Amino acid sequence: MSTAVARRTSLPGFGLTMGLTLTWLSVIILIPLAGLFLKTLELSPGQFWEILTSRRTLNALKISFGLSFAAACVNLVMGTIIVWALVRYRFPGRRLFDAIVDIPFALPTAVAGVALTQLFAQKGWLGAPLAELGIKVAFTPIGIFLAMVFIGIPFVVRTVQPVLIDLDPEIEEAAASLGANRWHTVFRVILPSLIPALLTGFALAFARAVGEYGSVIFIAGNLPNVSEIAPLLIVIRLSEFRYADATAIAVVMLLAAFVIIFAVNRLQRWAQTRIPAH
Amino acid sequence: MTIEVKNIVKKFGAFAALDNVDLKVGKGELLALLGPSGSGKTTLLRIIAGLDWPDAGEVRIDGEDALGHGASERHVGFVFQHYALFRHMTVFENVAFGLRVQPRAVRKDEATIRARVKELLDLVQLDWLANRYPSQLSGGQRQRIALARALAIEPRILLLDEPFGALDAKVRKELRQWLRSLHSEIHVTSIFVTHDQEEALEVANQVVVMDKGRIEQIGTPGDVYDNPATAFVHGFIGESIVLPVEVAGGSVRLGDRPLNIAADGAASGASKLFVRRHDMQIGPAGTGSLEGAVRHVRSFGPIQRAEVALSGGEGKMVIEIDAPRDRELQAGEIISLQPRRYRIFAAQD
Amino acid sequence: MSTQTSFVTPATPLRTYASTADLAISSPSARRASDRARAVAVSKDLRSEPGPIRFIIIALAISFLTIFVVLPLVVVFASAFSKGISAYFAALAEPEALSAIRLTLLVAAISVGLNLLFGVIAAWAIAKFDFRGKTFLITLIDLPFSVSPVISGLVFVLLFGAQGYWGTWLQAHNIHILFALPGIALATIFVTFPFVARSLIPLMQEQGTQEEEAAISLGASGLQTFFRVTLPNIKWGLLYGVLLCNARAMGEFGAVSVVSGHIRGETNTMPLLVEILYNEYQFVASFAIASLLAMLALITLVVKTVLEQRLDEGQMPRDESK
């Protein structure tokens with residue numbers, strides 16, 4: 001009897017809810033994702049390699065990863081500036097701008113896509129003055145880059161904001177009392193303690209940009225080898241019924257996403273050991 | 001109602017939270033489970049309540065096997081350490097909860113439920129708080145509401161987990177007396193868990209001292225204080241002076257100094273001598289087993305507490321003794337000490 | 001304090017929209033408290049920068065947000081109304097538009113409903129019990145956040161498409177999943193999978209199991225405990241998850257685009273219709289639909305802010321009782 005009761009828990013429903021959770025998870029997430037990986041197994045390593053190294057695929061991956069990296073860098077810098085302004089200063093409309101940061105999260109990507117295109121098109125509000133300066137944004141890689149900056153900004157802001165808010169004011173006072181000027185305090189004391197959060201925000205923004213589809217394709221121009229992102233190439237291959245090609249690109253992108261998840265997890269673990277939870 | 005616990009074993013990984021625990025609780029008792037944190041007392045309480053399950057053993061409530069039933073079927077009143085009041089319900093609804101969730105067939109009608117809740121709130125003297133929410137109550141009030149809620153289901157037994165742990169010292173004292181008088185009024189078999197020896201000795205009529213998942217001693221408060229069964233109990237309950245001594249053939253030595261006390265059947269070898277602070281007889285130098293220089297004296301109330309550096313023995317040993325005020329001690333004075341009452345236990349490590 | 005600990009949990013994998021969800025769930029109280037602290041601190045010069053630098057930082061932040069975030073939103077409404085109000089409403093009254101709105105609402109109802117149910121179930125299993133592999137399970141639940149929307153659609157094409165694993169069988173039995181409502185719903189459920197569970201798990205973990213144990217010891221059954229004790233305590237968090245889930249379900253583009261087949265008047269959701277109309281240079285019509293989605297986003301943000309305050313207040317008595 002005693003062994004039979006050993007596993008009981010105080011609250012009811014564990015077996016039932018866990019069973020339903022695993023079933024639902026398998027049906028919606030695990031089986032479909034497993035299908036994706038199984039599909040690539042139908043390809044020989046040679047074929048797989050050939051697809052990935054074809055000029056168009058390679059360029060699409062280069063464009064996606066390269067521009068995402070650049071956009072995440074901009075987000076890192078601008079995100080830090082925005083967080084600093086929102087957390088440390090008071091100015092009219094601060095709360096409104098704080099809320100505005102979430103718009104790229106909340107706005108459906110297709111809406112963001114058409115809006116950014118309209119804004120930066122040759123006759124658009126911002127496109128026209130830029131065209132005067134000889135800068136063409138819409139339907140060029142610059143457009144892709146700007147769309148990625150748009151969707152990435154909340155990641156850095158929302159990751160760093162709580163950490164900056166919780167930063168113990170005493171460390172700044174300690175630095176000042178030890179004779180550090182403001183410049184030293186900010187760059188040697190405050191920013192270093194934000195590093196895990198900054199890197200996490202950077203990684204999240206980067207991952208989102210790599211996978212982004214809706215907000216990018218309208219402004220991208222979608223010229224093969226020039227302004228064609230990897231997710232779009234997947235869609236094109238699918239519409240051509242070249243499932244294998246689509247799958248191969250998808251697997252590479254998925255693996256990249258897993259690497260980023262892993263990196264973010266490590267970053268957060270690192271942050272936890274660095275700054276003990278109070 | 002009686003409670004019987006037999007050979008309970010509970011492991012968390014490799015750590016044995018309960019190591020073969022046996023316990024019988026008689027009808028109408030108010031029993032304290034006393035021990036340091038990690039001694040297994042809360043785990044034992046939760047197992048009796050049906051909130052945890054043992055890896056082996058038996059729990060019988062009123063002779064009936066309890067492990068076959070979940071907490072909801074055991075009719076056990078449980079008062080949680082942090083009260084676990086339902087924060088979205090008023091005090092009234094909190095107390096009424098147990099009556100409202102009864103199966104339709106046995107559920108009382110609304111008027112009966114209201115009357116019963118009113119009665120319980122009167123019992124804990126908080127009827128004027130019926131429409132407040134838990135967040136609007138003080139700690140002591142929450143504690144009493146939690147108790148009223150547990151009593152609402154007319155529990156066969158009442159279990160309280162560190163009932164005064166989260167309260168400040170003054171409220172704690174008041175509630176102790178209140179709990180004791182409440183118990184003598186309703187007389188339901190009760191167990192409470194505490195790490196505070198004073199609390200256990202003052203409130204309970206039976207005390208179970210636990211350490212490292214084992215029961216060290218079961219007895220009345222007087223018993224466990226005056227006749228500690230083990231070195232742990234002696235050290236844990238009341239303040240003791242502990243001296244490392246050597247027992248050889250019925251005589252006791254501290255270092256090279258023979259002590260003029262009987263070994264009381266203690267086995268030969270390295271041992272520990274336990275003496276209560278107030279059980280040291282003070283005399284002029286040269287009249288007792290131990291001798292030392294008074295280093296520091298503080299007086300408060302009826303006693304004076306002196307720090308005495310013992311001479312003889314290895315290294316410097318400093319002990320604290322309590323002496324009555326009728327013999328004034330002076331710093332620097334050399335005095336002799338003779339244990340009046342003492343216990344000798346084999347040194348364990 | 002709560003912010004940081006909840007954010008920097010080792011278990012948190014790639015966080016996307018819901019990451020902000022649970023960030024926000026835990027942060028308001030911390031934020032408010034430090035707002036006060038900050039008001040004091042900023043008045044001392046010690047923790048601030050010289051005036052000109054402050055001005056430059058604020059100016060940079062405001063201009064960046066205005067150009068990149070506010071302007072696109074303004075463009076949506078400006079373009080939608082560029083030919084007047086009547087043209088706007090005429091565009092929305094088009095049968096194609098109405099059918100897209102209907103489909104979007106239907107898909108959102110299905111996917112939010114199912115994810116609500118299973119999200120609550122998953123949160124109960126994960127937050128109220130201890131078991132091995134919990135962090136791994138949470139990682140799996142979070143997975144859709146880190147998968148590109150296009151891939152979220154692609155996986156269902158591989159299963160149900162004409163050349164997919166079960167395509168031939170489905171065709172033989174005349175069952176339509178791809179390029180039909182079931183496919184669109186599946187893809188939407190996939191991308192919105194984590195929202196409800198992820199907004200409940202931290203909340204329920206923080207609340208612990210004591211109230212539930214108390215209810216059980218008072219004789220309540222499992223369902224009574226859930227509906228009378230747990231649900232009232234998590235209702236705002238639940239609403240929060242549903243809100244974000246719904247916003248994403250209605251706005252999803254990439255995944256749905258891959259599985260929809262773009263059959264006019266049949267399998268186009270609102271975001272898909274925005275694309276089609278835009279590519280056909282029907283800008284007013286396209287932005288009219290887009291404006292509805294933008295309003296949905298704005299309403300979502302407002303309600304979210306209100307809910308965050310509720311959640312904040314809900315935490316107060318809990319903090320006191322400790």
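Let's start with how chain C is wired in sequence: of its contacts between residues at least 6 apart, 74% join residues at least 24 apart. Please keep in mind that we are looking at a predicted model. As for secondary structure, chain C has 15 helices and zero strands. It runs to 322 residues, and 61% of them count as buried. On the outside, chain C exposes about 12,000 Å², with carbon and sulfur atoms supplying 68% of that area.

Now a word on annotation. An unreviewed UniProt entry lists residues 101–308 of chain C as "domain: ABC transmembrane type-1". In the model that span is 80% helix and 0% strand, and its end C-alpha atoms lie 29 Å apart.

Let me take you to a place where chains A and C meet. Two packed helices are described by the angle between their axes and the distance between the axes. Here the pair is helix α2 of chain A, residues 14–41, and helix α7 of chain C, residues 149–160. Their axes come within 9 Å and cross at roughly 75°. An angle from 65 to 115 degrees counts as roughly perpendicular, so that is how α2(A) sits relative to α7(C).

Which residues of the two helices meet? From α2(A) we have Ile28(A), Pro32(A), Leu33(A), Gly35(A), Leu36(A) and Lys39(A). Across from them, α7(C) brings Ile151(C), Leu154(C), Val155(C), Phe156(C), Leu158(C) and Leu159(C). By class, the residues of this contact are ten nonpolar, one polar and one charged.

I'd like to finish with two individual residues, one from each chain.

In chain A, have a look at Thr57(A), which is found in helix α4, residues 55–88. Is Thr57(A) buried or exposed? Its relative accessible area is 1%, and buried means under 20%, so Thr57(A) is buried. Leaving out residues up to four places away in sequence, Thr57(A) touches Ile51(A), Leu52(A), Leu233(A) and Ile249(A).

In chain C, go to Glu266(C), in the loop between α13 (254–260) and α14 (270–279). With a relative accessible area of 56%, where exposed means over 50%, Glu266(C) is therefore exposed. Glu266(C) still has partners: again leaving out residues up to four places away in sequence, it touches Ser99(C) and Leu103(C). And how far apart are Glu266(C) and Phe179(C), C-alpha to C-alpha? The distance in space is 9.3 Å, while in sequence Glu266(C) and Phe179(C) are 87 residues apart.

Thanks, everyone, and I'm happy to take questions.

Methods: Residues are numbered from 1 along each chain as its sequence is written. Chains are lettered from A and ligands numbered from 1 in the order in which they are written. This is a predicted model: local features need pLDDT of at least 70, side-chain atom pairs count only at pLDDT 80 or more; totals for chains, interfaces and linings use all residues. Side-chain values use heavy atoms; hydrogens and water are left out. Helices (H or I, at least four residues) and strands (E, at least two) are DSSP runs, numbered from the N terminus. Buried means under 20% relative accessible area, exposed over 50%, partly exposed in between (1.4 Å probe, protein chains only). Contact means heavy atoms within 4.5 Å. Accessible areas come from the Shrake-Rupley method with a 1.4 Å probe; for residues, only the protein chains shown count as cover. UniProt positions are given in the numbering used here, feature names are shortened, and annotations may be inferred rather than shown by experiment. Axes are lines fitted to C-alpha atoms, for helices over the stretch in contact, and angles run from 0 to 180 degrees between N-to-C directions. Angles under 35 degrees count as roughly parallel, over 145 as roughly antiparallel, 65 to 115 as roughly perpendicular and the rest as oblique. Ala, Val, Leu, Ile, Met, Phe, Trp, Tyr, Cys and Pro count as nonpolar, Asp, Glu, Lys and Arg as charged, and the others, Gly among them, as polar.
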